[in-house]
Amino acid sequence: LRTAVRLFGLRSEAEVGVRAHFEVQERRQENGDTPLARENQAFSAFVQDRLLLGDFTLSAGVRFEAIGYGRTNRLANDGAGASGETSLTQWVPGVGLTWAPSPALNVFGGAHRGFAPPRTEDVISQTGGVVDLAAELSWNYELGVRALPVRGLRVDATLFRDDYENQVVPASLAGGVGATLTNGGETRHEGFELGLRVDTGTLTGSPH
């Protein structure tokens with residue numbers, strides 16, 4: 001839902017939305033002839049507002065995530081079966097600012113929270129046990145420019161930095177398939193992206 005509103009006398013555009021996702025997986029895994037079933041439910045809701053300040057646009061928003069996990073192994077415990085359930089919730093905020101003094105120039109920056117929940121098989125074992133595994137979280141920063149210096153030429157350049165926490169990794173460097181997963185601490189990813197696009201038809205005035 002999107003609507004135009006005035007906030008503190010300033011023109012703005014507000015958005016509110018909700019999302020629901022349901023997933024059920026019935027699977028027969030042939031190593032040991034063990035039928036497995038998994039069930040997930042995910043709900044999210046968000047609110048965002050964009051303040052229009054002349055050449056500047058300030059955007060701020062927040063999303064709430066709620067995820068429920070379920071897993072059943074029908075042949076565990078000598079056929080008696082085993083199941084487990086768990087859930088997690090997370091608030092995901094973000095803020096961004098753009099400056100567009102002309103149609104040919106747009107400078108932008110932002111800081112946003114990243115959220116990557118673990119998989120069902122990573123948080124619930126085949127015996128129904130719940131594993132203490134948190135979602136991956138990050139703070140993602142970017143500063144960039146989109147420009148049309150001449151007709152037919154577009155330039156996109158962005159500096160980015162992603163600071164991760166709770167990153168999910170195997171519990172040991174030797175761990176392979178089936179290795180226990182754990183939250184491995186913090187990592188940082190940063191760099192520079194550059195994109196160029198040339199439209200030869202526009203540059204030369206050709207129809208091709």
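In this predicted model, a nonpolar patch on the surface is formed by Leu 10, Leu 53, Phe 56, Leu 58, Val 95, Leu 97 and Trp 99. Together these residues have about 530 Å² of accessible area. Strands β4 and β5 each supply at least two residues of the patch, and the largest share, three residues, comes from β5. One of the patch residues is Trp 99, which is found in strand β5. Trp 99 has a relative accessible area of 34% and is therefore partly exposed, as this class lies between the limits of 20% and 50%.

The largest nonpolar core has 11 residues. Its members are Ala 42, Ile 67, Tyr 69, Leu 88, Val 92, Phe 115, Val 123, Ile 124, Leu 133, Ala 135 and Leu 137. At least two residues of this core are supplied by each of β4 (56-73) and β5 (82-102). The two strands thus appear both in the core and in the surface patch.

Within the core, the surroundings of Ile 67 were examined further. When neighbours within four places in sequence are left aside, Ile 67 is in contact with Gln 41, Ala 42, Thr 86, Ser 87, Leu 88, Phe 115 and Pro 117. Among these partners, Ala 42, Leu 88 and Phe 115 are also listed as members of the core.

A charged residue was considered next. Arg 38 is located in strand β3, which spans residues 34-53. The relative accessibility of Arg 38 is 11%, so this residue counts as buried, the limit being under 20%. The side chain of Arg 38 is joined to that of Glu 121 by a polar contact of 2.9 Å.

Methods:
Residues numbered from 1 in each chain as written. Predicted model: local features only at pLDDT ≥ 70, side-chain atom pairs only at ≥ 80, totals over all residues. Heavy atoms only, no water. Helix = DSSP H or I, 4+ residues; strand = E, 2+ residues; numbered from the N terminus. Buried < 20%, exposed > 50% of the residue type's maximum accessible area, 1.4 Å probe, protein only. Polar contact = N/O pair within 3.5 Å; in protein donor to acceptor, adjacent residues only side chain to side chain. Core = buried A, V, L, I, M, F, W, Y, C linked by side-chain atoms within 4.5 Å. Contact = heavy atoms within 4.5 Å. Patch = residues over 30% accessible without salt bridge, like charges linked within 9 Å, V, L, I, M, F, W, Y side chains within 5 Å. Areas by Shrake-Rupley, 256 points an atom, 1.4 Å probe, with all protein chains shown as cover. Salt bridge = Lys/Arg side-chain N within 4 Å of Asp/Glu carboxyl O.
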